[in-house]
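Here's a quick tour for anyone meeting this structure for the first time. Have a look at it, then read on for a few spots to find.

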Amino acid sequence: MPSTPPTPDEMTVLARHADLNLPDYVQADLISAWQHVGPMIARIRRGRAYGDEPAHVFCPVAFDRKA
Amino acid sequence: MSGPAILSITEAARLIAARALSPVELLQDCLARIDAVDGVLNSFVTVTRDRAIAEAKAAEVAIMRDGPSSPMHGIPFSLKDIFSTKGIRTTAQSKLLADYVPTEDCDAQQRLSQAGGVLLGKTATWEFAHGGPSWDVLFPPARNPWNTDHHPAGSSSGSAASVAAGLCPATMGSDTGGSIRAPAAACGIAGIKATYGRVSRRGVLPNCFSHDHAGPLAWTVEDLAILLGITAGWDRLDPACARLPVPDYRAALTGSVAGLTVGVPYRWIEEDLPASPETRANLDSALAVFRDLGVTIRPVTLPPMQQYEDAKKVIAVAELFSIHEKNLRTRPELFGASLRYRIIAGSLVRAEDYIQAMRLRSELAMAMQAVFADVDLMMLPTAEPAGRLEPVPPEFLFTKRSYQTAFNVGGNPALSICSGFAENGLPFSLQIVGRLFDEATVLRAGDAYEKATPWRDRRPDLVRKEAA
């Protein structure tokens with residue numbers, strides 16, 4: 001994550017890249033909310049060992065509806 | 001407050017089995033109380049009056065003929081309005097689902113109905129169990145029966161308020177970051193989020209798939225044991241559901257907790273999220289009760305609370321956006337402002353961010369399970385006593401910490417019970433957390449505490465408001 005928060009103009013670009021065509025009031029929400037979510041993401045540790053599995057390991061049996 | 005509506009499930013079931021109370025009489029008293037006070041509480045969004053009367057009459061006939069088939073036979077219950085009910089509007093408190101009538105029942109409705117329960121209606125929630133309290137959604141927010149100027153917390157707001165006010169003895173809620181336990185705490189009742197996968201979420205509108213739990217709320221822990229015994233168990237149609245046997249939770253309530261070891265995460269309640277002096281004193285009093293019952297108390301250390309909050313919220317907003325993105329793109333005006341703010345925050349979370357948050361979740365969950373190598377249970381407050389019902393800034397979800405969220409990240413069973421009352425009459429709460437799939441010990445401890453303390457003798461004083 002970048003160390004400085006994106007500007008409103010940069011947020012508009014990011015939103016466009018996310019295929020979002022938002023009315024102004026929702027775009028304002030996005031700019032405000034990202035001021036809180038961005039730092040949360042930045043605090044999450046990176047640089048893990050290759051084998052560190054995420055918490056959503058796929059369990060195929062769980063999707064066997066005939067079981 | 002008097003009448004059969006304020007009986008616990010346990011008490012009502014005993015009277016019904018003895019033919020001393022009719023399910024119809026019990027239901028009529030619940031309906032009368034709803035008529036009398038729910039105009040103030042806003043705890044129900046739909047009352048299934050005619051259907052409930054028919055179900056209660058059928059239960060009465062069956063019980064008179066054969067006796068009750070379960071402790072829930074003839075007992076009214078409600079479902080948070082994100083639980084799908086065939087033929088009954090299920091709104092999630094959202095304008096988006098104002099006219100949504102499911103064609104299938106959720107798993108909880110199927111199980112409770114099969115046990116003979118009487119569906120009384122659907123209860124108020126924060127919009128899609130996430131954004132609230134809100135005044136710009138389909139229904140007004142529920143209020144706290146101990147003081148209607150105060151909030152009942154969320155998101156299972158109406159479920160908790162209706163039980164505390166004696167409108168309905170049993171209900172089901174959902175908990176993604178505390179949404180069963182916080183309302184139970186605010187309203188002075190009992191609520192349990194069992195282990196992730198213990199209770200099927202099939203037919204429950206999703207909030208955050210990886211953290212969503214369904215579970216019961218009721219007046220006492222013994223009532224929870226009854227409800228959990230009925231609603232827990234494998235469901236092949238919920239991929240998260242655990243294929244494990246369900247113990248007899250009620251039989252586990254022996255009253256004895258002597259020899260157990262309880263860990264207290266003191267750093268969390270002193271530094272990470274300092275408890276108020278009143279709440280800390282209440283916790284110490286509750287721990288003293290357990291000491292007197294033969295429990296050993298010792299400190300435990302968990303990773304910083306903020307790490308649990310960060311992992312859960314990054315995962316949550318990403319999943320939330322994936323659930324609601326179509327409606328957000330096409331008709332954003334139908335969302336309440338609070339939920340819309342939280343959904344849009346997920347639109348820019350990258351796949352890498354989500355996966356790194358999931359890797360952190362693995363680490364945090366393992367750290368939590370490691371603590372249980374040395375203790376049988378953990379105890380801490382569920383929340384501070386409820387504050388006034390008023391709008392909160394939408395970013396509050398992102399800035400606040402809670403004593404509850406970490407146990408959604410870990411997936412551990414967590415129970416909230418009433419542990420007394422503050423000077424202003426609002427309830428204090430105690431949270432009891434257990435090893436994965438060891439709900440029986442959690443419930444045993446909660447039940448022992450309830451029976452050693454007088455808090456179940458007090459009900460909200462709605463008499464003046466009823467007369468007003």
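## Odd spots in the backbone of chain B

Let's start with Ala92(B), which sits in the loop between β2 (76–80) and α4 of chain B. Keep in mind that you're looking at a predicted model. Phi of Ala92(B) is near 55 degrees, so here's a residue other than glycine with a positive value. As a rule, most residues other than glycine have a negative phi, and most peptide bonds are trans.

That brings us to the peptide bonds. Which loop of chain B holds Pro133(B)? Look between β3 (118–123) and α5 (157–164) of chain B. The bond leading into Pro133(B) from Gly132(B) is cis, its omega being near 0 degrees. Ser155(B) also lies in the loop between β3 and α5 of chain B. The bond from Gly154(B) to Ser155(B) is cis too, this time with omega near 15 degrees.

## Where α4 meets α7

Two packed helices are described by the angle between their axes and the distance between the axes. Take helix α4 (residues 107–114) and helix α7 (residues 221–231), both in chain B: their axes come within 9 Å and cross at roughly 110 degrees. An angle from 65 to 115 degrees counts as roughly perpendicular, and therefore α4(B) is roughly perpendicular to α7(B). The crossing of α4(B) and α7(B) is right-handed.

Which residues do the touching in α4(B) and α7(B)? From α4(B) come Asp107(B), Arg111(B) and Leu112(B), and they meet Leu227(B), Ile230(B) and Thr231(B) of α7(B). Sorted by class, this contact of α4(B) with α7(B) is a mix: 3 nonpolar, 1 polar and 2 charged residues.

## Where α9 meets α15

Further along chain B, helix α9 (residues 277–292) packs with helix α15 (residues 439–452) at an angle of about 100 degrees, the axes being 10 Å apart. That angle makes α9(B) roughly perpendicular to α15(B).

On the α9(B) side you'll find Ala286(B), Val289(B) and Phe290(B), which meet Ala445(B), Tyr449(B) and Ala452(B) in α15(B). What classes of residue make up the contact of α9(B) with α15(B)? There are 6 nonpolar residues, with no polar and no charged ones.

## Between chain A and chain B

Now zoom out to the interface. Chain A puts 37 residues into the contact, and chain B puts in 37 residues as well. Between them, the chains bury about 3300 Å², and 63% of that is on carbon and sulfur atoms.

Side chains of opposite charge can pair when their charged atoms come close. How many salt bridges cross the interface of chain A and chain B? The count there is 6 salt bridges, while over all chains it comes to 28. One to look for joins Arg48(A) and Glu363(B), at 2.8 Å from N to O. Arg48(A) is in the segment after α2 (24–43) of chain A, and Glu363(B) is in helix α12 (residues 351–371) of chain B. Another salt bridge links Glu352(B) with Arg46(A), where the closest N and O atoms are 3.3 Å apart.

Definitions and conventions. Residues numbered from 1 in each chain as written. Chains lettered and ligands numbered in written order. Predicted model: local features only at pLDDT ≥ 70, side-chain atom pairs only at ≥ 80, totals over all residues. Heavy atoms only, no water. Axes fitted to C-alpha atoms, helices over the stretch in contact; angles between N-to-C directions. Helix = DSSP H or I, 4+ residues; strand = E, 2+ residues; numbered from the N terminus. Parallel < 35°, antiparallel > 145°, perpendicular 65-115°, else oblique. Left-handed = near helix turned anticlockwise from the far one by under 90°. Contact = heavy atoms within 4.5 Å. Nonpolar A, V, L, I, M, F, W, Y, C, P; charged D, E, K, R; others polar. Buried area = accessible area lost by both parts, 1.4 Å probe. Salt bridge = Lys/Arg side-chain N within 4 Å of Asp/Glu carboxyl O.
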